[in-house]
Amino acid sequence: MSLVFVLLLFAGLSEAAGRILPLLARRPGMSRRLVPGLLLAAGLVEAAVLALWPLTAWTLAELLISSAPSGDGLEWTPGLVAPLVLAAVLAFPLLGPLLHLLLFVGVGAGLAGPLADATELGWWGAAGCVAVSGVGLGVTVGAVRRLVVRAGAPRTPEPIA
């Protein structure tokens with residue numbers, strides 16, 4: 001299980017680096033001492049969001065079916081996380097956003113199989129749960145990202161007329 005945590009942390013740090021490094025390029029006056037802490041905090045948040053993806057899909061599946069699913073829940077395995085790490089590495093701008101999206105779809109399809117086996121939803125229903133949970137987490141983290149950037153943006157003083 002520790003290998004899964006390391007892979008999720010690496011995927012989170014890579015996702016965060018893909019989002020923070022272009023920001024640094026646009027803001028040359030940003031303190032270089034702030035970067036490692038910002039990168040670590042953002043990486044931990046991204047890793048937590050990636051770790052929550054199977055849990056939210058499982059919870060959504062529980063809401064859709066009448067009986068409780070069999071098993072303890074949907075969990076990451078090293079085989080499922082490895083393509084996610086590759087997708088995170090490709091998150092860097094201009095290195096393949098379409099390939100990044102396709103890899104996330106592939107990882108989601110990989111999560112749909114075990115979810116379909118544990119529930120009575122079938123593969124398409126499980127894939128829908130995985131997709132809705134992934135999009136929901138992505139939209140939520142995107143909104144939080146925008147709020148943090150907006151709150152942390154330097155304010156220019158209003159001119160006095």
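# Notebook: helices, a tryptophan pair and a pocket

I began with residues 123-144, a span that is 100% helix and 0% strand, and I noted that its end C-alpha atoms lie 31 Å apart. I keep in mind throughout that what I am reading is a predicted model.

**Annotated spans.** I looked up the UniProt entry, which is unreviewed, and found that its "transmembrane region" annotation covers residues 34-60, 80-103 and 123-144. I then checked residues 34-60 in the model, where the chain is 100% helix and 0% strand and where the end C-alpha atoms are 38 Å apart.

**Whole chain.** I counted five helices and zero strands in the protein chain, and reading along the sequence I wrote the pattern down as α-α-α-α-α. Of the 161 residues of the protein chain, I have 36% down as buried. I also looked at contacts between residues at least 6 apart in sequence, and of these 68% join residues at least 24 apart.

**Aromatic rings.** I searched for aromatic pairs, and the count comes to one. The rings of W123 and W124 have their centres 5.1 Å apart and their planes at 90°, so I entered the pair as edge-to-face, given that planes over 60 degrees apart count as such. I next asked how the two residues are exposed: W123 is partly exposed, with a relative accessible area of 38%, whereas W124 is exposed, with a relative accessible area of 73%.

**A112 and its contacts.** I followed W123 to A112, which lies in helix α4, and found the C-alpha atoms of A112 and W123 separated by 6.3 Å, although the two are 11 residues apart along the chain. Leaving out residues up to four places away in sequence, I listed W123, A126, A127 and V130 as the residues that A112 touches. A112 has a relative accessible area of 0%, and I therefore recorded A112 as buried, since the cut-off for that word is under 20%.

**E120, in the loop.** I found E120 in the loop between α4 and α5. With a relative accessible area of 55%, E120 is exposed. I then took the C-alpha to C-alpha distance from E120 to I65 and obtained 7.3 Å in space, for a separation of 55 residues in sequence.

**E46, a buried glutamate.** I wanted to know whether E46 is buried or exposed, and with a relative accessible area of 9% E46 is buried. E46 lies in helix α2, which runs over residues 34-64. Once residues up to four places away in sequence are set aside, I find that E46 touches G12, E15, A16, R19 and R145.

**L21, in α1.** I placed L21 in helix α1 and noted that L21 is partly exposed, with a relative accessible area of 43%. The C-alpha atoms of L21 and V35 are separated by 8.9 Å, and the two residues stand 14 residues apart along the chain.

**Second largest pocket.** I closed the session with the second largest pocket, in which about 590 Å³ of space lies. I have 21 residues lining this pocket, and those that lie nearest its centre are W53, F104, G134, V135 and G138. Which helices supply at least two residues each of the lining of the second largest pocket? I entered α1 (2-26), α2, α4 (97-118) and α5 (122-152). The largest share of this lining comes from α5, with nine residues. Sorting the lining of the second largest pocket by class, I wrote down 13 nonpolar, four polar and four charged residues.

Note on methods:
Residues are numbered from 1 along each chain as its sequence is written. This is a predicted model: local features need pLDDT of at least 70, side-chain atom pairs count only at pLDDT 80 or more; totals for chains, interfaces and linings use all residues. Side-chain values use heavy atoms; hydrogens and water are left out. UniProt positions are given in the numbering used here, feature names are shortened, and annotations may be inferred rather than shown by experiment. Helices (H or I, at least four residues) and strands (E, at least two) are DSSP runs, numbered from the N terminus. Rings of Phe, Tyr and Trp (its six-membered ring) pair if their centres lie within 6.5 Å; planes under 30 degrees apart count as stacked, over 60 as edge-to-face and the rest as tilted. Buried means under 20% relative accessible area, exposed over 50%, partly exposed in between (1.4 Å probe, protein chains only). Contact means heavy atoms within 4.5 Å. On a 1 Å grid over the protein atoms alone, a cavity is a set of points where a 1.4 Å probe fits but cannot get out, and a pocket is an open set with protein on both sides within 12 Å along at least five of seven lines; lining residues have an atom within 4 Å of a point. Grid points are joined across faces, edges and corners, and a volume is the space filled by probe spheres set on the points. Ala, Val, Leu, Ile, Met, Phe, Trp, Tyr, Cys and Pro count as nonpolar, Asp, Glu, Lys and Arg as charged, and the others, Gly among them, as polar.
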